[in-house]
Amino acid sequence: MHLTKEEERIYKGEEGWAREKAMEILVAIGDINNASKLIPIKSAHISGASYKTIGDAFEFINSLAGTTVKVKSTLNPTGMDRENWNAMDVSETFVTKQNDVINAYKKLGVSVECTCVPYLIGNTPTCGEHIAWAESSAVLYANSVLGARTNMEGAPSALAAALIGKTPLYGLHRTENREPEMLVCVNRTLADADYSALGFLIGDLVGNKIPVIELPPASFPSTDELKHLSAAIGATGSVGMYHIKGITPEADAIGSPAEKTEIEKADLKKFYTDTEKVDVIAIGCPHCSASELQQIYRLLKAESKGRKVRNDFFVFTARAIKERMHGVVRKIEDFGVKVICDTCFVVSPAFESYKCVITNSGKMLRYVPLLCGGADVRLCRTEECVRLAF
Ligand code: F3S
């Protein structure tokens, strides 16, 4: 990979050890992927924030102290609500370690928003902009819905890109690699959690091939539905983007792939199975948007008939969204629902004692059995999630 004189200097350690290490990571990735050069990025989004998932590997982040990120950089959810951790089932040792992780990122100049929806709180790339993001749900949303350009970064490569302000030019940064390789035809109108089920199926089907999805005529998925579709594809597949004909920004400029598959009503229906043993409801994977909070409130109001929720019910969102929507959040909490920030059901250790989780999220459908004490998980439409809470 070609390096400019300035990049060579950094590579040789003339701008300090931390930038040298960051440049080494970028050069190694660039060389493996036959990148021709580094390109500037507008932002980074960094995963590896929960002490539950990274453990003491965060000491490496501490060792980078003394340098700061070169571009706007946001952080994924951690393992606890930073303000209300004492209301969560997390140990004091965990809280101390988690705060150490957050402070390590803070010292590097990373904005510790601790959310997987940076695009809803101001780290919102525009079409064609090059970025370096980790967190599969956000990568798929940024590439597919916003038309930004990022590879599926891991925690080290996103952090390295943030410290240098550049990323190697390969993969989804190049127009020719954003062409679809498989046509997925959907023959029924979808709503709400159907997009989670669809994403789960598509991720499984396509693996690392970029799909172009053809929805039935007059289908206009909302940004929330696209958020769930992105998260579910990222949970079961390894592909970093998708197109939807007539909807996503690059879909009109692409060719039509020869390989084709169809998704039938029955394929989606099998996701909605029995929900009798529910002991907890969790919504907000990815973190809830303002409109989802409003929807949850409307549904609670319609269903409650003066009652509070009978099952544990958690809603996860970004702190900035919770603060902006504080009036609605207070009303949601009045029903006995807990609205939690900075973390989520999957990356916090606080939710591992539940046996059966109800959610509208396809990503939780994949990760709860793997990362949350082996709990069962069922997919339901948001309305059904709320109904089951009473
Ligand atoms: Fe976000 Fe946690 Fe889901 S990080 S995408 S809410 S697993």
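**Why the labels fit: a sheet, a core and some lone cysteines**

Mentor: Let's open with the sheet: four strands in an open arrangement, ordered β8-β7-β6-β9 and paired in parallel. Keep in mind that this is a predicted model, where local features need pLDDT of at least 70, side-chain atom pairs count only at pLDDT 80 or more, and totals for chains, interfaces and linings use all residues. Residues are numbered from 1 along each chain as its sequence is written, and side-chain values use heavy atoms, with hydrogens and water left out.

Trainee: What makes β8 and β9 the edges of that sheet?

Mentor: β8 (243–244) and β9 (260–263) each have a single partner strand, so one side of each lacks a neighbour in the sheet. Strands here are DSSP runs of E, at least two residues long, and helices are runs of H or I of at least four, both numbered from the N terminus.

Trainee: How do you know that β7 and β8 are paired?

Mentor: Two strands pair if DSSP finds at least two bridges between them. β7 (residues 211–214) and β8 run parallel and are joined by two bridges, so the pair meets the rule. For one residue's view, Val-212 has His-243 of β8 as its bridge partner. Helix α8 (residues 194–206) packs on this sheet, touching β6 (182–186), β7 and β9, and its direction makes about 155° with that of β9. Such angles run from 0 to 180 degrees between N-to-C directions, with axes fitted as lines to C-alpha atoms, for helices over the stretch in contact.

Trainee: Why is Arg-188 called buried?

Mentor: Buried means under 20% relative accessible area, exposed means over 50%, and partly exposed lies in between (1.4 Å probe, protein chains only). Arg-188 has 19%, so it goes in the buried class. Arg-188 sits in the loop between β6 and α8. Beyond its neighbours within four places in sequence, Arg-188 is in contact (heavy atoms within 4.5 Å) with Asp-194, Pro-216, Lys-265, Leu-268 and Arg-381.

Trainee: What about Asn-311, buried or exposed?

Mentor: Buried, because its relative accessible area is 12%. Asn-311 is in the loop between α11 (290–304) and β11 (312–317).

Trainee: And what makes β11 largely enclosed?

Mentor: Five of its six residues are buried, so the rest of the structure largely encloses β11. Five bridges join β11 to the parallel strand β10 (residues 280–288), with Asp-312 of β11 as the bridge partner of Val-280.

Trainee: Which residues have the most contacts inside the largest nonpolar core?

Mentor: Leu-300, Phe-313 and Phe-345, in a core of 130 residues. A nonpolar core is a set of buried Ala, Val, Leu, Ile, Met, Phe, Trp, Tyr and Cys residues joined through side-chain atoms within 4.5 Å. Leaving out residues up to four places away in sequence, Phe-345 touches several residues, including Val-280, Phe-316 and Tyr-354.

Trainee: How many disulfides are there?

Mentor: Zero. A disulfide is a pair of cysteine sulfur atoms within 2.5 Å. For Cys-288, the nearest cysteine sulfur, in Cys-116, is 9.8 Å away.

Trainee: Why is Cys-385 not bonded to Cys-380?

Mentor: The sulfur of Cys-385 is 5.1 Å from that of Cys-380, its closest, and that is too far for a bond. Cys-385 is also buried, at 0% relative accessible area, and Cys-288 counts as buried at 0% too.
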